[in-house]
Amino acid sequence: MVCSHLETGRLAMLTQTSETALRALVFLLVSKTEEPLPPARIAAHIGASPSYTAKVTTALVKSDILRAHRGMKGGVTLSRPPEQITLLEVVEACQGKVLGDFCQDLDRLELVCAFHRAMAELHQAIITTLKRWTLADLAQTPLPAAEIRDNVNCRMHFSPELDKETPQA
C-alpha cells in the first residue's frame, strides 16, 4: 500500500495496485479499441512499469474482470460490459476482500462499543459506494476538466490516445 501518510499527513484508501488497475481499466475503455491491448502498451499510457502492469492485469484476468488473448495480437480486453464491473470488484481483485476489522464480529451493534458501531457504519458506506460506481461511470469523466487538469494531482492520469509510437508488446 502507498503509505506515505507520515510524510504527507494523508492515508491512502486504495493500494497502488488498485489505482493502477483502475487507470488501466479506464484507459482500455477510453481508448475505444476492440482489439486486445498488451500490458506493456497499457503501461506506456498510464505511466506504470510494464512488469507491474502485467502483474495487475493478471490479477484482473483471474478475477474475471479482464479476458486474456494469446498470440501475435494478444493482450487483454474487458470480460464483460463496463456497466457490470463495479469498483468493489476491482478493489477486491487487487487488495482482497474489504473487511471491517474492529473489536469483534457481532451482529447486534447495539451491544458493542461506539467505536465498533462507527467503524461498522464506515465499512458499510465504503462497500455501498464501491458497489454503486462502475467502470462505465469512471469512463464518462476519466480526467479533470481541461481548465484545471494542469493544476491538480489526479490519480487517473494517463495519455488517452493510442498511437504508433507506443510499444506493441
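Start at the hairpin of this predicted model. Select strand 1 and strand 2: five residues lie between them. Strand 1 covers residues 66–69, and strand 2 covers 75–78. Now pick Gly 71 in the turn, where phi is positive, about 105°. The strands pair in the antiparallel sense, over four bridges. To check the register, show His 69, which stands opposite Gly 75 in strand 2.

Next, select helix 3 (39–46) and helix 4 (50–62). Two packed helices are described by the angle between their axes and the distance between the axes. Here the angle is about 115°, and the axes of helix 3 and helix 4 are 8 Å apart. The crossing is right-handed. Show side chains at the contact. From helix 3 come Pro 39, Ala 40, Ile 42, Ala 43 and Ile 46; from helix 4, Pro 50, Thr 53, Ala 54 and Thr 57. Seven of the residues in this contact are nonpolar and two are polar, with no charged ones.

Keep Ile 42 selected and move to the largest nonpolar core, which has 35 residues. Add Leu 25, Leu 60, Val 90 and Leu 135: with Ile 42, these touch the most other members. Which elements each supply at least two residues of this core? Colour helices 2, 3, 4, 5, 6 and 7, plus strand 2. Helix 2 (16–30) gives the most, with nine residues.

Finish by centring on Val 90. Beyond its neighbours within four places in sequence, Val 90 is in contact with Ala 21, Leu 22, Leu 25, Leu 60, Ile 65, Ile 85 and Leu 135. Among these partners, Leu 25, Leu 60 and Leu 135 were already selected for the core.

Terms used
Residues numbered from 1 in each chain as written. Predicted model: local features only at pLDDT ≥ 70, side-chain atom pairs only at ≥ 80, totals over all residues. Heavy atoms only, no water. Core = buried A, V, L, I, M, F, W, Y, C linked by side-chain atoms within 4.5 Å. Buried < 20%, exposed > 50% of the residue type's maximum accessible area, 1.4 Å probe, protein only. Contact = heavy atoms within 4.5 Å. Axes fitted to C-alpha atoms, helices over the stretch in contact; angles between N-to-C directions. Left-handed = near helix turned anticlockwise from the far one by under 90°. Nonpolar A, V, L, I, M, F, W, Y, C, P; charged D, E, K, R; others polar. Pairing = 2+ DSSP bridges.
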